[in-house]
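I opened this model to look up how its chains meet and where the backbone does something unusual. My notes follow.

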Amino acid sequence: MTTEPHLFLMAVSLALGLATGALLHRSDICFAGIFRDLFLFRRTDMLRILVLLVTATALLFELARLAGLLPLYPFPLLYAPTAANVVGGVLFGVGMVLAGGCVVGTLVRLGAGSLASLFALAGLFAGSALYGEIHIPWKAFIGATTFLPGRTTVPQLLGVAPTLPVLAAALAAGVLLARWARAGALHRASPATGHLQPWKAALLLSVVSLLSYVLIGLPMGITTSYAKIAGWLESLVAPAHVAASAFFRGVPLDVVHPVTGAPLRGGPGPRFDAIAAIQFPLAAGIVLGALLSARLVGELRMHVNVPPRQLAWAFSGGVIMGLASRMAPTCNIWHLLGGLPILSLSSILFVAGLLPGAWLGGRMLTAWVVPAR
Amino acid sequence: MELLERDIRGQICPSTLLVALQEINRHQARLRDGSLTLRLLTDNRDCLVTIPESARNMGYAAEVARVDAHYAIEIRRA
């Protein structure tokens, strides 16, 4: 493989990461908080923003598909539904609540100076490494519980072109969104310096998501890069173990890049490949985007007087989330901004698991992390 | 009037809101009779919406002010 497609992927991913980090920081959109606060505080304001984000992304994806801009449709690394999607979703929900943010929120907060997010990120690496130890039996579980093989989306299940199901779902969501817009329920007044209305950020994020799919060939995803770091760290102490690991040797991405025509191959192993070229700059861009955003509004500070209990739970939540993101497989951003917009069956199951997971995580949070005094 | 300050900067979400609600409930008698103002220092931007909104829903007055690199939320009798 030449380095040119890698440079292209790296440049695009870095730009998309910068935009994502800045948009999430300024708008206070937190994907973990959306699900957590639904149960913990009965708040639905940001859930409405998520509906807008997924709907706008779905319409953009479908327009792009009809325009012939998405030759990889459904996108790679999306599989037939399995019970693992639900189990992974539940665990991911628990982990993201305990960690104080999802895989992307952790990077955004880290960029803005959160010490707890540094612990959560370390946990994500540890959880990813842990998955390597259960990969073989878990893969067998996925194989045994996969149903509707060969069908990854609702349109495929129905045997119809995607346009009609996507428009039907968007229309249903659109009725709700119009009602909320008329009631002013999509507006969020905040005294924070440089605050960006979440509905505006959601629309911009849907464009970022589209650009990722069109230019990279995949929607945004990060967690395989965490596995790569985990594999690299593990290889420092147990190189033979990592070299023999079926998980780290796997190369699940093997497609032709639709923009450059170059082969894109990559996996969770600690090596430089297409996954590394896509996900490392994206993750770095998110941290840097949030950092620059926080710096510009004069809020870039790291506070170290965090209760040790919270740091310990942030790490634990990261471990659970890192493990779950491989078990599910993949994370909430992949499913929410990539899978749901094309009505992926595995993404629907993942979100179905995410809801009880967030509820359970909220119960654990109030019992153990911030207990009533 | 006494001013009670709590520094909750750097705490994970949603601890900031949970701690704020705990403090409001713990001092509700003095907050309601007007002898106490609760001042929370936070760097959590989301809580600049959720804490004042929760406090107002509980019948208190809430104000947010920018202080250096963070924010101060003051909660007192309405």
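I started with polar contacts in this predicted model: between chain A and chain B I count 13 residue pairs, both partners at pLDDT 80 or more. On the chain A side that touches chain B, I find helices H1 (3-27), H2 (31-40), H4 (83-99), H14 (308-327) and H16 (345-369), each supplying at least two residues. H16(A) gives the largest share, three residues. By type, I sort the residues on that side into 17 nonpolar, 11 polar and nine charged.

Next I took the extent of the contact. Chain A puts in 37 residues and chain B 27. The buried area comes to about 2600 Å², with 53% of this from carbon and sulfur atoms.

I then checked charges across the interface and got five salt bridges. One of them pairs Arg45(B) with Glu299(A), with 3.1 Å between the closest N and O atoms.

I also looked for cis peptide bonds. In chain A, I note one between Tyr73(A) and Pro74(A), omega about -10°; Pro74(A) sits in the loop between H3 (45-66) and H4. In chain B, I note one between Cys13(B) and Pro14(B), omega about -5°; Pro14(B) is in the loop between strand E1 (2-7) and helix H1 (15-26).

Last, I looked up positive phi at non-glycine residues. Asp28(A), in the loop between H1 and H2 of chain A, has phi of about 65° and is buried at 9% relative accessible area. Leu343(A), in the loop between H15 (332-339) and H16 of chain A, has phi of about 60°. I list Leu343(A) as buried too, at 15%.

How values were computed. Residues are numbered from 1 along each chain as its sequence is written. Chains are lettered from A and ligands numbered from 1 in the order in which they are written. This is a predicted model: local features need pLDDT of at least 70, side-chain atom pairs count only at pLDDT 80 or more; totals for chains, interfaces and linings use all residues. Side-chain values use heavy atoms; hydrogens and water are left out. Contact means heavy atoms within 4.5 Å. Buried area is the accessible area (1.4 Å probe) that two parts lose on being put together, summed over both. A salt bridge is a side-chain nitrogen of Lys or Arg within 4 Å of a carboxyl oxygen of Asp or Glu. A polar contact is a pair of N or O atoms within 3.5 Å; within protein, one must be able to donate a hydrogen and the other to accept it, and residues adjacent in sequence count only if both atoms are side-chain atoms. Helices (H or I, at least four residues) and strands (E, at least two) are DSSP runs, numbered from the N terminus. Ala, Val, Leu, Ile, Met, Phe, Trp, Tyr, Cys and Pro count as nonpolar, Asp, Glu, Lys and Arg as charged, and the others, Gly among them, as polar. Buried means under 20% relative accessible area, exposed over 50%, partly exposed in between (1.4 Å probe, protein chains only).
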